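Here are some exercises to work through with the sequence and the model side by side. Try each one yourself before you read the solution.

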Amino acid sequence: MLSLKMPTVFSGPLPDAFWNYDQSRRIATVVAESALHTARVYGCQFSDIRICWILKERIISRESRIEELGGSFESGMGIRVLFEGTWGFASSNLLDPNEAAEKTKEAVEVAKKCLKLNPRPVELEKLPQIQGQWHQDVLIDPFGVPLEEKTSFLLDLNDKAIKAGADFCRSFFLFHKELRIYASSIGSWIEQTFLRTYPKFIVTVVDKKEGKFESRSSFEPPKSGGLEIIEKKAFEMEVVEATHQAREKLQAKPVVPGIKDLVLHPTNLWLTIHETIGHSTELDRVMGLESNYAGTSFLKVDQLGNFDFANPIVTIRADRNQPGGLASVGYDDDGIPSSWSDFLIIEKGILKNFQMAIGQAHWIGKEKSNGCSYAQSYNFFPIQRMPNISLVPSEKKEQLKDLISGVEDGIYIIGDGSWSIDQQRYNFQFGGQLFYEIKNGKIRQMLRDVIYQGNTQSFWKSCDGICSKEEYKLCGTLFCGKGEPSQTAPVSHGAVPARFRNITILNSRLHS
């Protein structure tokens, strides 16, 4: 790596450094050299550094007013060292080579103090040396769009909802833009830029006589990319449709509990995939190393390759390459290329792989990680996090109407709602936004208060119908929580409509 020996100091919210890519690279070079050199002097087996510049904006509106307008800019470095088989970590928001050296020493001291508490020394696999760049494709950068245009879009959206009969409408934009530079002691140097956009509205209608209310949120998920992910006319049409559907929910018939078939739309199924499959197949949970935040996993290491997880028609793929995917990157926060992150978690119903960060592969007899590491920001230690995890569509030409036509007594669910799952990612219940009765192969009246309940294995084994790729939709969240201290991570889940047989249905008002 070129030694520039520049006395550059960068501290605090200085947005010019974010926009000046060359300046940011020069700053990162001298800071990284200082940190990695110090780690070598102190005898570390491995070290790396992440240097981040992060710009955020949020615009929140309600009816005819902007309720919140804010943003933030942060920058800093996170330094990780491996000393005698134990990780140490330190961070700072001062991007200066002297500070980098001091923080590296601090990370070494942390590792030394943790040595006695570490029952399992870290064994790193052979890691690739990478010099690479990856930049998110963006057509319309929201940070370059005048504020008036963004606020006007939200206020117009609210106005259309009110005119359509909504009593309240709240809408917002969240934008996240980041430059992340990674360097390691094995000679890797990686530069990446990310942009994530989240548009949302929530309409509410009120029955003043009965004192009841119902809501319906937009189905458009957050995605990687700029404002081009939003189809304005479609969004405006949806807010009107959502208002009418919320009004219909006020008069909808309460569901009668019982055993019924389910047809789940991708806007509902993504969350079920996330909670039952995404989290349960994280190797740190399986090993019991992640438990304080939402528990461990019902899965065991020795089940790999032989566990009958789902119906043979179910295949679940992990990847970091899907266009628009929130977890789509060129390289994870261990410096692992995204090509390593394209793997099957479940293949034709059988458990085939777990998600792993570096230093975990040997636990299950694997030679290398599969690129599942992420840190929320520079001041967080990178941990194992989900890539995009998706249901593979059927190769048969199967449409939603085909799934519904095969149901005598069931429910069609659109949109995600409330959910809960136990500490082993096994027993669960999920709600939704819109519920429709299916009778004799046809969609009938709207229902309300629907919850479906089950356990992960029996639920996925009951899946007997999956649509083809024409009905594929990518959904997800910016705020998947894990770890202690808690971190959030962006992740997407693709799905097509799917059918599940003989599922327990509850009435949420009777079981609250």
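**Exercise 1.** At what angle do helix α4 and helix α5 pack, and how far apart are their axes? Then list the residues in contact and sort them by class.

*Solution.* A reminder before we start: this is a predicted model.
- Step 1: α4 covers residues 147-163 and α5 covers residues 232-251; they pack at an angle of about 35°, and their axes are 8 Å apart.
- Step 2: The crossing of the two helices, α4 and α5, is right-handed.
- Step 3: From α4, the contact uses F153, L157, K160 and A161, while α5 supplies K232, F235, E236, V239, V240 and T243.
- Step 4: Sorted by class, the contact of α4 with α5 has 6 nonpolar, 1 polar and 3 charged residues.

**Exercise 2.** Work out how α2 and α3 are oriented to each other: roughly parallel or roughly antiparallel?

*Solution.*
- Step 1: Take the angle. Helix α2 (residues 21-41) packs with helix α3 (residues 97-114) at about 30°, with the axes 8 Å apart.
- Step 2: Apply the cut-off. Angles under 35 degrees count as roughly parallel, and α2 and α3 are therefore roughly parallel to each other.
- Step 3: Add the handedness, which is right-handed for the crossing of α2 and α3.
- Step 4: Find the residues that meet. V30, V31, S34, A35, T38 and A39 belong to α2, and their counterparts in α3 are P97, A100, A101, T104 and K105. By class, the contact of α2 with α3 has 7 nonpolar, 3 polar and 1 charged residues.

**Exercise 3.** Describe how β4 is paired and covered, then place S92 in that picture.

*Solution.*
- Step 1: Strand β3 (residues 65-83) runs antiparallel to β4, and 7 bridges join them.
- Step 2: The two strands, β3 and β4, form a hairpin with 2 residues between them, and E84 in the turn has a positive phi of about 50°.
- Step 3: β4 spans residues 86-92 and is mostly covered, with 6 of its 7 residues buried.
- Step 4: S92 lies in β4 and is the bridge partner of M77. Its relative accessibility is 8%, so S92 counts as buried.
- Step 5: Beyond four places in sequence, S92 is in contact with G76, M77, E99, K103 and Y378. The C-alpha atoms of S92 and G76 are separated by 5.6 Å, although these residues are 16 apart along the chain.

**Exercise 4.** Which strand order does the open sheet of 4 strands have, and which strands stand at its edges?

*Solution.*
- Step 1: The order is β15-β14-β13-β18, and the pairing is antiparallel.
- Step 2: β15 (350-351) and β18 (388-391) each have a single partner strand, so they stand at the edges, with one side of each left without a neighbour in the sheet.
- Step 3: Strand β13 (residues 316-319) pairs with β18 over 4 bridges; R317 has S390 in β18 as its bridge partner.
- Step 4: Helix α6 (residues 266-278) lies across β13, β14 (343-347) and β18, and runs at about 115° to β18.

**Exercise 5.** Decide whether Q487 is buried or exposed, and name its contacts.

*Solution.*
- Step 1: Q487 is in strand β27, which covers residues 487-495.
- Step 2: Buried means under 20% relative accessible area. Q487 has 4% relative accessibility, so Q487 counts as buried.
- Step 3: Leaving out residues up to four places away in sequence, Q487 touches Y374, A375, Q376, F380, F381, I383, R385, C480, G481 and K482.

Methods: Residues are numbered from 1 along each chain as its sequence is written. This is a predicted model: local features need pLDDT of at least 70, side-chain atom pairs count only at pLDDT 80 or more; totals for chains, interfaces and linings use all residues. Side-chain values use heavy atoms; hydrogens and water are left out. Buried means under 20% relative accessible area, exposed over 50%, partly exposed in between (1.4 Å probe, protein chains only). Two strands pair if DSSP finds at least two bridges between them. Axes are lines fitted to C-alpha atoms, for helices over the stretch in contact, and angles run from 0 to 180 degrees between N-to-C directions. Angles under 35 degrees count as roughly parallel, over 145 as roughly antiparallel, 65 to 115 as roughly perpendicular and the rest as oblique. A crossing is left-handed if the near helix is turned anticlockwise from the far one by less than a right angle, and right-handed if clockwise. Contact means heavy atoms within 4.5 Å. Ala, Val, Leu, Ile, Met, Phe, Trp, Tyr, Cys and Pro count as nonpolar, Asp, Glu, Lys and Arg as charged, and the others, Gly among them, as polar.
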